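Please open the structure in a viewer and keep the sequence panel visible. The tour below proceeds by selection, and each stop states what is to be found there.

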Amino acid sequence: MTPSHTRKADRLYRYYVATDAIRQGYADCPVRSVPAAEVEEAVVAQVRHLLRTPEIIARTWAAAKSDGDEAIPERDVVKAITELAPLWDELFPAEQARILRLLVERVDLAPDAMQVRLRAEGLQTLVEELRSRKAKAA
């Protein structure tokens, strides 16, 4: 999908349009376009949910461990990711967007589902950033 927008009565409406719909015509595409705000809210909710799952925490720690640099202890990974949830609402929108770009590799939409694919290296970078911020604050 690709971002697009339109203006009506001095109001901006943002949405995402399926590239298949653009190339092959809207009639043949099951997901033609979707409001940007709805997709973005759903992606944020899904990312926040995924960050709390043990599987993601384990994969993040494994990626950090195999990086070859100084290994991040598992407890630090768990702590950094769990502390992000309450911090999220306090972040500026630009910082939230930066974190989402860091974490989200791809979003796939279907008529009845949405799948968010995360970047393992993005998770590792986020954990390292949270650790370094905490160290500077201490």
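Begin at the hairpin. Select strands E1 and E2, which form a hairpin with two residues between them; in the turn, alanine 9 has a positive phi of about 50°. Please bear in mind throughout that this is a predicted model.

**The turn**

Select alanine 9, in the loop between E1 and E2. Its positive phi occurs although alanine 9 is not a glycine. Is alanine 9 buried or exposed? With a relative accessibility of 80%, alanine 9 counts as exposed, because the cut-off for that class is over 50%. Move next to aspartate 10, whose place is also in the loop between E1 and E2. Aspartate 10 has a positive phi of about 60° and is likewise not a glycine. A relative accessible area of 80% makes aspartate 10 exposed.

**The paired strands**

Now select residues 2-8, strand E1, together with residues 11-17, strand E2. The two run antiparallel and are joined by seven bridges. Within this pair, locate serine 4, which stands opposite tyrosine 15 in E2. Keep tyrosine 15 selected and add strand E3, residues 33-35, which pairs with E2 in the antiparallel sense over three bridges. Which residue of E3 is the bridge partner of tyrosine 15? The partner in E3 is proline 35.

**The whole chain**

Zoom out to view the entire chain, which has six helices and five strands. Along the sequence, their order is β-β-α-β-α-α-α-α-β-β-α. Of the 138 residues in the chain, 29% are buried. Among contacts between residues at least 6 apart in sequence, 44% join residues at least 24 apart.

Colour the chain by confidence. The average pLDDT is 81, and 87% of the residues score at least 70. Confidence is highest in E2, at a mean of 92, and lowest in H6, at 71.

**Helix H4**

Select helix H4, residues 74-88. The end C-alpha atoms of H4 are 22 Å apart, which agrees with the 21 Å that its 15 residues should span at 1.5 Å a residue. Show the side chains of Val77, Ala80, Ile81, Leu84 and Trp88, the buried residues of H4. They lie on the same side of H4, because they cover an arc of only 90° around the axis. Rotate the view to the face turned away from this buried side, where the exposed residues Arg75 and Pro86 are found.

**Helix H5**

Continue to helix H5, residues 93-103. Here Glu95, Gln96, Ile99, Leu100, Leu102 and Leu103 are buried. Their arc around the axis is only 160°, which puts them on the same side of H5. The face of H5 turned away from its buried side carries the exposed residues Pro93, Ala94 and Arg101.

**The nonpolar core**

Finally, select Val47, Leu51, Leu103, Val104 and Leu118. In the largest nonpolar core, which has 25 residues, these touch the most other members. The elements that give two or more residues to this core are the helices H2, H3, H4, H5 and H6 and the strand E5.

End the tour on leucine 118. Which residues does leucine 118 touch, leaving aside those up to four places away in sequence? They are Val47, Leu50, Ile56, Leu103, Val104, Glu105 and Leu123.

Technical notes
Residues are numbered from 1 along each chain as its sequence is written. Side-chain values use heavy atoms; hydrogens and water are left out. A nonpolar core is a set of buried Ala, Val, Leu, Ile, Met, Phe, Trp, Tyr and Cys residues joined through side-chain atoms within 4.5 Å. Buried means under 20% relative accessible area, exposed over 50%, partly exposed in between (1.4 Å probe, protein chains only). Helices (H or I, at least four residues) and strands (E, at least two) are DSSP runs, numbered from the N terminus. Contact means heavy atoms within 4.5 Å. Two strands pair if DSSP finds at least two bridges between them. The expected span of a helix is 1.5 Å times one less than its number of residues. The arc is that of the directions from the helix axis to the C-beta atoms. pLDDT is the predictor's confidence in each residue, from 0 to 100.
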